[in-house]
Amino acid sequence: MKMKLYGSKTSPFARKVRVLAEELRLNDLIEEVQTDPFNPPAELLAANPLSKIPTLVTEKGEALPDSSLIVEYLMTRGQGVAMLPRGSKRWPALRRARVAEGIIEAAVATLLEKRRPESIIYPAFLDRQSQIILRSIEMLNLEVGALTEETPSIVEITVGVALAYLDFRMPYLDWRTNHDALLAWYQKFSQRPSMLNTQPPAA
Ligand SMILES: N[C@@H](CCC(=O)N[C@@H](CS)C(=O)NCC(=O)O)C(=O)O
């Protein structure tokens, strides 16, 4: 029996896990179950009352209901992804990963807000999410020298998935403009097989 990953081809949180699984060469141990968290099958709810994707159920039936938990777990199962640095480089690395995760959160919040009936969409909320994203891009652009171009860690994977999600859902933000260093890094990172094999369908 394989592990089951409840996810979707468009969810950036699921993509983070899918890229990681591929980098760790664990794909063959994982069955991906395409799941709509807004129309959840009973199996998802049994594993995760939060009704969110990604959710992983291990071969032993243990449920892991959050991408960060799944990342922590899969890191114990495979090799090929860099560990986070120890010592003084650790906290800046974790901060970058958290900021990239925040970009994903703000972009998903934007998408959900836009799906509300037009009369109750709150433009100030959308504007705030865009500002959050642009400030975060600014920071990552300044700090891109700390991202590796070789074996990635979860920091690089989260940054790469966040930028790809902006291209997919918020191309009008045009994050590339004036962020040449981040763009140069992303152009290489996005060519990794793990990124190419986990692309969302055309929007
Ligand atoms: N913190 C969670 C966030 C997961 C999440 O929000 N996933 C979205 C899909 S991209 C979802 O399942 N949304 C359903 C909902 O918000 O009810 C994680 O890292 O896994």
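1. The ligand is surrounded by Ser 11, Phe 13, Pro 37, Ser 51, Lys 52, Ile 53, Pro 54, Asp 66, Ser 67, Ser 68 and Val 108. Sorted by class, this shell holds five nonpolar, four polar and two charged residues. The model is a predicted one, and the points below should be read with that in mind.

2. Two members of the ligand shell, Ile 53 and Pro 54, are joined by a cis peptide bond, with omega near 0°. Pro 54 sits in the loop that runs between helix H2 (42-47) and strand S3 (55-57). A reader checking the backbone may want to look at this bond together with the ligand shell, since Ile 53 and Pro 54 belong to both descriptions.

3. The domain assignment divides the protein into domain 1 (3-75) and domain 2 (87-192). Taken over C-alpha atoms, the centres of domain 1 and domain 2 are 22 Å apart. The contact between them involves eight residues of domain 1 and nine residues of domain 2. On the domain 1 side, helix H1 (residues 12-23) gives the most, with seven residues. That side of domain 1 is made up of five nonpolar and three charged residues, with no polar ones.

4. Which helix does H1 pack against at an angle of about 135°? The partner is helix H6 (residues 154-169), and the two axes lie 9 Å apart. Angles from 65 to 115 degrees would count as roughly perpendicular and those over 145 as roughly antiparallel, so H1 is oblique to H6. The crossing of these two helices, H1 and H6, is right-handed.

5. The residues that H1 brings to H6 are Pro 12, Arg 15, Lys 16, Val 19 and Leu 20. Opposite them in H6 are Ile 154, Ile 157, Thr 158, Val 161, Ala 162 and Tyr 165. By class, the contact of H1 with H6 has eight nonpolar residues, one polar residue and two charged residues.

6. H1 also packs against helix H3 (residues 67-75), at an angle of about 10° and with 9 Å between the axes. Angles under 35 degrees count as roughly parallel, and H1 and H3 are therefore roughly parallel to each other. From H1, the residues in this contact are Phe 13, Lys 16, Val 17, Leu 20 and Ala 21. From H3 they are Ser 67, Ile 70, Val 71 and Leu 74. The contact of H1 with H3 counts seven nonpolar, one polar and one charged residues. Lys 16 and Leu 20 appear in the contact with H3 and also in the contact with H6. Phe 13 and Ser 67, which take part in the contact of H1 with H3, are listed around the ligand as well.

7. Arg 25 has a positive phi of about 55°, although it is not a glycine. Arg 25 is placed in the loop between H1 and strand S2 (30-34).

8. Helix H4 (residues 90-114) packs with helix H5 (residues 123-142) at an angle of about 155°, and their axes are 9 Å apart. With over 145 degrees counting as roughly antiparallel, H4 and H5 are therefore roughly antiparallel to each other. H4 passes H5 in a left-handed crossing.

9. In the contact of H4 with H5, the H4 residues include Arg 96, Val 99, Ala 100, Gly 102, Ile 103 and Glu 113. Those of H5 include Phe 125, Leu 126, Gln 129, Ile 132, Met 139 and Leu 140. The classes in this contact of H4 with H5 are 12 nonpolar, four polar and two charged residues.

Notes
Residues numbered from 1 in each chain as written. Predicted model: local features only at pLDDT ≥ 70, side-chain atom pairs only at ≥ 80, totals over all residues. Domains from an automatic or database assignment. Contact = placed C-beta atoms within 7 Å. Helix = DSSP H or I, 4+ residues; strand = E, 2+ residues; numbered from the N terminus. Nonpolar A, V, L, I, M, F, W, Y, C, P; charged D, E, K, R; others polar. Axes fitted to C-alpha atoms, helices over the stretch in contact; angles between N-to-C directions. Left-handed = near helix turned anticlockwise from the far one by under 90°. Near = placed C-beta within 6 Å.
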